[in-house]
Amino acid sequence: MTDKPAEGVKPYHGPAGGWGALRAVAQAVREQMGASANSRALMQMNQPEGFDCPGCAWPDPKHTSSFEFCENGAKAVSWEATTKRVGPDFFAQHSVSDLWAWSDYDLEDAGRLTHPMRYDAQTDHFVPVSWDEAFARIGAAMQALADPNEAEFYTSGRASNEAAFLYQLYAREFGTNNFPDCSNMCHEATSVGLPESIGVGKGTVLLEDFDHADAVFCIGHNPGTNHPRMLGTLREVSRRGKPIVVINPLRERGLERFQNPQSPVEMVTLQDTQIASAYHLVKVGGDVALLKGIMKALLEADGKDLAAGGKGLLDRDFIAAHTTGFEALRADLAAADWGVLEARSGLDRPAMESIAEVYARSERVIICYGMGVTQHRHGTGAVQQIANLLMLRGNFGREGAGICPLRGHSNVQGDRTVGITELPGEAFLARLDAAFGITSPRAHGHNAVEAVAAMRDGKAKAFIGLGGNLAVAMSDPQACFVAFRKLHLNVQIVTKLNRTCLLTGQESIILPCLGRTERDIQASGPQSVTVEDSMSMVHASVGRLEPASELLLSEPAIVAGLAKASLPATKVDWDALVADYDRIRDKIEAVFPDFYDYNARVRVPGGFRLRVGASNREWDTPDGKAHFLVYQGTDEDNGRDDTPLTLTTIRSHDQYNTTIYGLNDRYRGITGRRNVVFANADDLAALGLAQGDRVDVVAGGRVLADMTLVAHDIARGSVAAYYPEANCLVGLEDYDAKSGTPAYKSIPVKLRPAEAAEAAA
Ligand SMILES: Nc1nc2c(c(=O)[nH]1)N[C@H]1C(S)=C(S)[C@@H](COP(=O)(O)OP(=O)(O)OC[C@H]3O[C@@H](n4cnc5c(=O)[nH]c(N)nc54)[C@H](O)[C@@H]3O)O[C@H]1N2
Ligand SMILES: Nc1nc2c(c(=O)[nH]1)N[C@H]1C(S)=C(S)[C@@H](COP(=O)(O)OP(=O)(O)OC[C@H]3O[C@@H](n4cnc5c(=O)[nH]c(N)nc54)[C@H](O)[C@@H]3O)O[C@H]1N2
Ligand SMILES: [Mo]
């Protein structure tokens with residue numbers, strides 16, 4: 001079969017970054033902000049006195065003096081600082097049924113929400129409502145619940161520490177630990193897996209460590225799109241001549257070549273920098289097998305070195321002094337069969353040996369990883385194999401070495417730190433109770449999957465979303481839609497309209513809030529909020545733009561309003577806390593001792609770092625040691641006989657999770673469309689298919705209909721499609737049993753000619 005040209009598909013051969021990135025920023029700014037004064041906002045991003053970029057959680061260089069350019073940060077800001085507005089007129093014009101037919105892109109592109117709105121079922125329109133009435137209606141519905149555990153308190157990771165802390169206080173005083181959180185769909189495998197391994201569920205490196213690393217491994221993340229400022233860091237590693245080993249089923253442009261928009265020389269001379277020194281196309285879902293193969297090769301090489309009279313390749317002092325479980329790991333690796341590891345990982349033994357060789361010869365190694373590792377049925381196991389690999393050579397707690405999970409939302413890590421968790425520990429709850437004179441519930445609550453299941457089963461009746469778009473982000477949108485429509489109360493605290501807002505139940509209310517970029521003035525004057533990045537650095541963020549509407553309230557103010565209305569006998573002085581966010585920070589400090597001198601330390605430019613024990617070889621585990629942990633077998637998804645292909649879901653270059661900025665995916669050569677499936681040309685040939693063919697993607701009884709095939713540089717046996725469109729292929733029950741993370745990136749599928757295309761023919 002020969003490949004047909006497919007509309008909107010043309011391979012991209014340039015570097016990431018460069019003039020293409022600058023052009024894309026100019027276009028985003030023009031479309032969303034016009035010539036408005038808000039364009040200045042871009043220049044205040046990630047400055048000591050400015051606001052924290054809502055784009056990602058990659059840290060800022062210590063002494064940010066000049067604006068650090070980032071295409072996708074600029075898109076995120078212009079999307080929030082848009083001049084388009086969605087107010088009462090908009091809702092009078094469009095019924096909810098009409099809006100439901102709009103695309104996710106069109107819904108958010110309509111602009112910033114300006115008024116609190118409530119759903120009127122008689123007319124099928126959202127109608128304006130005063131803040132007082134909105135709070136009163138919500139309070140009445142919350143008080144009408146038979147049991148506080150019928151309420152779900154969802155958080156998306158943009159909420160500041162201050163907003164998130166008040167939110168968890170509200171929910172716990174109300175009486176539940178139901179905290180479904182975007183983290184449950186993201187790095188939960190890290191939050192659950194790393195504490196068992198090293199005693200802390202966070203990364204252990206600082207940005208400065210990249211200046212000292214002798215090798216960097218990048219497993220399952222796509223920084224050119226999702227953490228663009230990280231490419232500047234990787235570029236420096238590459239220019240120091242240090243290897244960067246990439247493990248990813250797709251050849252991602254940003255991990256191959258980068259033209260730094262910060263470098264006048266590269267921009268003017270059109271030179272670029274090579275990023276990956278070796279690029280291994282692992283099979284989708286094959287990371288556990290690959291990591292085991294690398295460790296097996298390392299142990300074999302170590303044995304040979306010892307036999308030849310060498311010192312061996314392991315850090316035996318570290319293993320003896322700091323760890324348990326080494327012998328069990330060694331036995332598991334010895335028993336692993338090379339043939340199985342090769343089949344499951346898609347890489348041959350020499351490839352795995354070559355990775356082990358780079359690892360063994362590098363004194364100091366950092367391993368970075370993202371969603372390609374966590375979103376599998378074995379996500380926690382894969383994270384723990386990364387920790388094992390690092391421990392074998394003592395790559396924890398020294399300069400230039402450690403583990404670096406790439407966090408998603410700009411404050412997803414901070415939200416967790418200040419108490420957004422469905423599994424709270426007793427010590428924390430006791431301190432919270434003492435600080436406020438309340439009695440928090442002790443029973444553990446729902447995570448994201450459990451929350452949707454409870455709503456579907458009629459056990460949860462109220463949902464409050466502090467940001468996010470859960471019904472679209474979660475697995476199985478059809479099940480989510482049914483679940484949300486059963487609610488007695490659906491409250492969405494958001495900046496823009498999205499599909500979850502349109503899932504109306506008995507009482508449905510949209511509460512518009514200030515964004516990061518905007519001024520937040522309370523009784524005591526202008527306020528700052530604080531956030532924690534991927535490297536546990538806490539710093540302040542101050543918005544300076546004119547709010548999108550004078551009716552907007554800040555997230556802390558909205559949470560306080562909800563709490564007062566839902567809890568007539570509340571013990572908390574909500575108004576005093578909201579009047580001056582320093583008081584919220586004082587309370588955070590009272591509950592979390594790591595935040596000592598919070599208000600003073602956060603006023604130092606650059607902020608401060610929270611303690612991460614493992615960064616100092618202090619293991620906060622029950623026995624005070626780090627643990628090698630065995631993963632039995634390889635994984636259950638790959639190489640199933642009946643499903644020849646495994647589908648992974650990925651982000652395009654023009655989206656922020658469920659927010660679709662545009663229809664292009666520049667580095668993957670896609671223009672003007674998202675309904676494509678990337679596949680290996682040899683797999684297509686073997687299946688009698690070709691690029692340009694229209695297919696249905698089938699996973700059991702689930703179908704993603706009428707997609708166009710694109711031949712791509714992707715591992716054999718692997719196919720990829722965009723999130724969230726492909727979420728209909730993932731069942732609510734498809735998740736990692738240890739962490740609850742949905743298996744968005746290991747979906748066994750088959751392809752068949754599209755029924756729509758056949759019907760048309
Ligand atoms: N511009 C922009 N920035 C963002 C976001 C956004 O949507 N847009 N989202 C934010 C959020 S919440 C998050 S969590 C992060 C996400 O950042 P990433 O973790 O980079 O997210 P993904 O696009 O899901 O892609 C992960 C990468 O994993 C690879 N991959 C897929 N399956 C596998 C596998 O089985 N094994 C391996 N080794 N690799 C695999 C894919 O090819 C892709 O390159 O980015 C954050 N930043
Ligand atoms: N198939 C598949 N599914 C996935 C993933 C995947 O890789 N594949 N990734 C998962 C991951 S990593 C994540 S994190 C989730 C994301 O899940 P969510 O966090 O629920 O989704 P977002 O798309 O980030 O939320 C976007 C909405 O947030 C609101 N918003 C934006 N800024 C603000 C703000 O400042 N304040 C408030 N209150 N609201 C704001 C806007 O109204 C916008 O519509 O999706 C998960 N789903
Ligand atoms: Mo995420």
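How far apart do the end C-alpha atoms of residues 645-747 lie? Select that span and check its two ends: they are 8 Å apart, and the stretch is 6% helix and 35% strand. Helices here are DSSP runs of H or I with at least four residues, strands are E runs of at least two, and both are numbered from the N terminus.

Before moving on, a word on what is on screen: this is a predicted model, where local features need pLDDT of at least 70 and side-chain atom pairs count only at pLDDT 80 or more, while totals for chains, interfaces and linings use all residues. Residues are numbered from 1 along each chain as its sequence is written, chains are lettered from A and ligands numbered from 1 in the order written, and side-chain values use heavy atoms, without hydrogens or water.

**Two annotated spans**

Keep 645-747 selected: UniProt, in an unreviewed entry, lists it as "domain: Molybdopterin dinucleotide-binding". Such annotations may be inferred rather than shown by experiment; positions follow the numbering used here and feature names are shortened. Now select 112-489, which the UniProt annotation calls "domain: Molybdopterin oxidoreductase" (unreviewed entry). Its end C-alpha atoms lie 23 Å apart, and the span is 47% helix and 13% strand.

**Ligand 2**

Next, pick ligand 2 and show the residues around it, meaning those with a heavy atom within 4 Å. There are 32, and E108, Y154, E555, T658 and N727 come nearest. Look for polar contacts, pairs of N or O atoms within 3.5 Å. A polar side-chain atom of E555 sits 2.7 Å from a nitrogen atom of the ligand. For T649, a side-chain N or O atom is 2.9 Å from a ligand nitrogen, and for T495 the distance is 3.3 Å. Taken alone, ligand 2 exposes 930 Å², and the protein buries 97% of that (Shrake-Rupley areas, 1.4 Å probe).

Colour by element and you'll find α22 (470-473) and β16 (489-494) giving two or more residues each to the shell. Why does ligand 2 lie between domain 2 (85-186 + 412-541 + 548-591) and domain 4 (647-760)? Because both domains give residues to its shell; their bounds come from an automatic or database domain assignment.

**A small sheet to finish**

Select β20, β21 and β22: these 3 strands form an open antiparallel sheet in that order. The edges are β20 (529-532) and β22 (608-609), each pairing on one side only. Pairing takes at least two DSSP bridges; β21 (residues 537-541) and β22 have 2. Zoom in on M537 and you'll see R609 of β22 opposite.

How values were computed:
Polar contact = N/O pair within 3.5 Å; in protein donor to acceptor, adjacent residues only side chain to side chain.
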